[in-house]
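Welcome! Here is a short tour of a protein model, taken one part at a time.

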Amino acid sequence: MPTTADAISYLTFSLGAEAFAVRAERIEVILGSVPVTKVPRGPAHVRGVFNQRGRIVPLVDLGAVLGVSSGAGDRRCTIVVRAGPAGREPGLLGLEVDDVREVVGVRSSEVQPSPRTRGVEGLVEIRGALTLLLDVDRVLDAGEIGDLSS
(Lines give C-alpha, C1' and ligand atoms only; values in the text may rest on other atoms or scores of the structure.)
Protein backbone atom coordinates (compact mmCIF):
# COMPACT_ATOMS: atom_id res chain seq x y z
CA MET A 1 0.00 0.00 0.00
CA PRO A 2 1.24 3.51 -0.71
CA THR A 3 2.88 5.64 1.93
CA THR A 4 3.30 8.78 -0.16
CA ALA A 5 1.86 12.18 0.64
CA ASP A 6 -1.11 11.69 -1.72
CA ALA A 7 -2.36 8.66 0.22
CA ILE A 8 -5.03 8.88 2.92
CA SER A 9 -4.45 6.73 6.01
CA TYR A 10 -7.20 4.26 6.96
CA LEU A 11 -7.53 1.97 9.95
CA THR A 12 -8.68 -1.46 8.77
CA PHE A 13 -10.78 -3.85 10.86
CA SER A 14 -13.06 -6.83 10.49
CA LEU A 15 -16.69 -7.61 11.18
CA GLY A 16 -17.26 -11.31 10.69
CA ALA A 17 -15.53 -12.28 7.45
CA GLU A 18 -15.79 -8.77 5.97
CA ALA A 19 -13.07 -6.10 5.87
CA PHE A 20 -13.79 -2.42 6.57
CA ALA A 21 -11.77 0.76 7.09
CA VAL A 22 -12.28 4.26 8.51
CA ARG A 23 -10.06 7.29 8.06
CA ALA A 24 -7.29 7.15 10.65
CA GLU A 25 -7.56 10.90 11.31
CA ARG A 26 -10.97 10.25 12.92
CA ILE A 27 -9.63 7.73 15.45
CA GLU A 28 -9.37 8.92 19.04
CA VAL A 29 -8.26 5.63 20.64
CA ILE A 30 -8.48 1.84 20.15
CA LEU A 31 -9.56 -0.22 23.15
CA GLY A 32 -10.27 -3.85 23.88
CA SER A 33 -13.60 -4.82 25.37
CA VAL A 34 -15.04 -2.07 27.55
CA PRO A 35 -17.48 -2.26 30.48
CA VAL A 36 -20.83 -1.05 29.18
CA THR A 37 -23.75 0.51 31.03
CA LYS A 38 -27.01 -0.31 29.27
CA VAL A 39 -29.35 2.59 28.52
CA PRO A 40 -33.07 1.71 28.60
CA ARG A 41 -35.11 2.20 25.43
CA GLY A 42 -32.09 3.01 23.28
CA PRO A 43 -31.82 1.97 19.64
CA ALA A 44 -31.16 -1.77 19.17
CA HIS A 45 -27.67 -1.19 17.69
CA VAL A 46 -26.58 0.93 20.69
CA ARG A 47 -25.17 -1.42 23.31
CA GLY A 48 -25.00 1.32 25.94
CA VAL A 49 -22.42 3.85 27.12
CA PHE A 50 -18.95 3.67 28.65
CA ASN A 51 -16.57 6.05 30.39
CA GLN A 52 -13.53 7.10 28.37
CA ARG A 53 -11.29 9.33 30.50
CA GLY A 54 -14.22 11.09 32.10
CA ARG A 55 -16.33 11.37 28.95
CA ILE A 56 -19.47 9.30 28.47
CA VAL A 57 -19.29 7.62 25.05
CA PRO A 58 -22.14 5.75 23.33
CA LEU A 59 -21.16 2.27 22.11
CA VAL A 60 -22.57 1.19 18.75
CA ASP A 61 -22.48 -2.40 17.47
CA LEU A 62 -21.25 -1.56 13.97
CA GLY A 63 -22.06 -5.06 12.75
CA ALA A 64 -25.71 -4.59 13.74
CA VAL A 65 -25.84 -1.24 11.92
CA LEU A 66 -24.36 -2.73 8.75
CA GLY A 67 -26.17 -6.08 8.98
CA VAL A 68 -22.93 -8.06 9.33
CA SER A 69 -22.78 -10.99 11.74
CA SER A 70 -19.80 -11.42 14.03
CA GLY A 71 -17.54 -14.36 13.34
CA ALA A 72 -16.69 -14.83 17.01
CA GLY A 73 -20.03 -14.07 18.67
CA ASP A 74 -19.13 -11.07 20.82
CA ARG A 75 -17.32 -8.04 19.43
CA ARG A 76 -13.82 -7.81 20.88
CA CYS A 77 -12.49 -4.33 20.07
CA THR A 78 -13.78 -0.79 20.41
CA ILE A 79 -12.65 1.97 18.08
CA VAL A 80 -13.44 5.42 19.50
CA VAL A 81 -13.96 7.89 16.66
CA ARG A 82 -14.87 11.54 16.34
CA ALA A 83 -18.19 11.69 14.46
CA GLY A 84 -21.07 14.06 14.07
CA PRO A 85 -23.50 15.66 11.68
CA ALA A 86 -22.32 18.44 9.38
CA GLY A 87 -22.22 21.85 11.00
CA ARG A 88 -21.75 20.54 14.55
CA GLU A 89 -18.69 19.83 16.62
CA PRO A 90 -18.02 16.08 16.41
CA GLY A 91 -18.52 14.01 19.54
CA LEU A 92 -17.01 10.68 20.50
CA LEU A 93 -18.62 7.46 19.37
CA GLY A 94 -17.48 3.92 20.18
CA LEU A 95 -17.68 1.41 17.34
CA GLU A 96 -17.64 -2.24 18.36
CA VAL A 97 -15.79 -4.44 15.86
CA ASP A 98 -14.38 -7.97 15.81
CA ASP A 99 -10.72 -7.23 15.16
CA VAL A 100 -8.51 -4.23 14.40
CA ARG A 101 -5.95 -4.95 11.69
CA GLU A 102 -3.62 -2.16 10.56
CA VAL A 103 -3.28 1.38 9.24
CA VAL A 104 -2.79 1.54 5.48
CA GLY A 105 -2.36 4.32 2.94
CA VAL A 106 -4.90 4.46 0.12
CA ARG A 107 -4.62 6.70 -2.94
CA SER A 108 -7.84 8.14 -4.35
CA SER A 109 -7.02 6.48 -7.69
CA GLU A 110 -7.27 3.06 -5.96
CA VAL A 111 -10.79 3.65 -4.65
CA GLN A 112 -13.61 2.11 -6.67
CA PRO A 113 -17.16 3.43 -6.50
CA SER A 114 -19.41 1.65 -4.03
CA PRO A 115 -22.95 0.47 -4.43
CA ARG A 116 -25.41 3.08 -3.21
CA THR A 117 -25.05 2.24 0.44
CA ARG A 118 -25.33 4.86 3.16
CA GLY A 119 -21.99 5.49 4.78
CA VAL A 120 -19.76 3.67 2.28
CA GLU A 121 -17.22 5.99 0.60
CA GLY A 122 -15.92 3.35 -1.77
CA LEU A 123 -14.18 0.01 -2.14
CA VAL A 124 -10.48 -0.79 -2.31
CA GLU A 125 -8.44 -3.97 -2.42
CA ILE A 126 -6.09 -4.26 0.56
CA ARG A 127 -3.83 -7.31 0.86
CA GLY A 128 -6.07 -9.27 -1.48
CA ALA A 129 -9.30 -8.50 0.38
CA LEU A 130 -12.02 -6.18 -0.87
CA THR A 131 -12.39 -3.53 1.85
CA LEU A 132 -15.30 -1.13 2.31
CA LEU A 133 -14.24 2.41 3.23
CA LEU A 134 -16.75 3.82 5.73
CA ASP A 135 -17.69 7.43 6.34
CA VAL A 136 -18.30 7.47 10.12
CA ASP A 137 -20.49 10.58 9.82
CA ARG A 138 -22.87 8.80 7.45
CA VAL A 139 -22.94 5.18 8.67
CA LEU A 140 -25.58 6.29 11.16
CA ASP A 141 -27.91 9.00 10.01
CA ALA A 142 -27.07 12.52 11.13
CA GLY A 143 -29.85 12.65 13.73
CA GLU A 144 -28.70 9.43 15.39
CA ILE A 145 -25.09 10.59 15.65
CA GLY A 146 -26.11 13.98 17.02
CA ASP A 147 -28.38 12.37 19.60
CA LEU A 148 -25.79 9.76 20.63
CA SER A 149 -22.70 11.93 20.81
CA SER A 150 -24.23 14.98 22.51
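Let us begin inside: the largest cavity has a volume of about 40 Å³. This is a predicted model, and the count of cavities of 30 Å³ or more comes to one. Its walls are formed by Val-60, Leu-62, Leu-93, Leu-95, Val-136, Val-139 and Leu-140. Two elements, β7 and α2, each give two or more residues to that lining.

Next comes the largest nonpolar core, which has 22 residues. Phe-13, Leu-62, Val-81 and Leu-134 are the ones that touch the most other members. The elements below each supply at least two residues of this core.

| Element | Residues |
|---|---|
| β1 | 7-15 |
| β2 | 18-23 |
| β6 | 77-83 |
| β7 | 91-97 |
| α2 | 136-139 |

Strand β6 gives the most to the core, with four residues. Val-81 is worth a closer look: leaving aside residues up to four places away in sequence, Val-81 touches Arg-26, Ile-27, Glu-28, Gly-91, Leu-92, Leu-93, Leu-95 and Val-136.

Now for the sheet. Five strands make an open sheet in the order β3-β6-β7-β5-β4, and the pairing is mixed. At its edges lie β3 (27-31) and β4 (46-52), each pairing on one side only. On average, neighbouring strands of this sheet are turned by 30° against each other, with direction ignored.

How do β5 and β7 pair, and over how many bridges? Strand β5, residues 55-61, runs parallel to β7 in this pairing, with three bridges between them. Leu-59 stands opposite Gly-94 in β7.

Technical notes
Residues numbered from 1 in each chain as written. Predicted model: local features only at pLDDT ≥ 70, side-chain atom pairs only at ≥ 80, totals over all residues. Heavy atoms only, no water. Core = buried A, V, L, I, M, F, W, Y, C linked by side-chain atoms within 4.5 Å. Buried < 20%, exposed > 50% of the residue type's maximum accessible area, 1.4 Å probe, protein only. Contact = heavy atoms within 4.5 Å. Pairing = 2+ DSSP bridges. Axes fitted to C-alpha atoms, helices over the stretch in contact; angles between N-to-C directions. 1 Å grid on protein atoms, 1.4 Å probe; cavity = no way out; pocket = protein on both sides within 12 Å on 5 of 7 lines; lining within 4 Å. Points joined across faces, edges and corners; volume = space filled by probe spheres on them.
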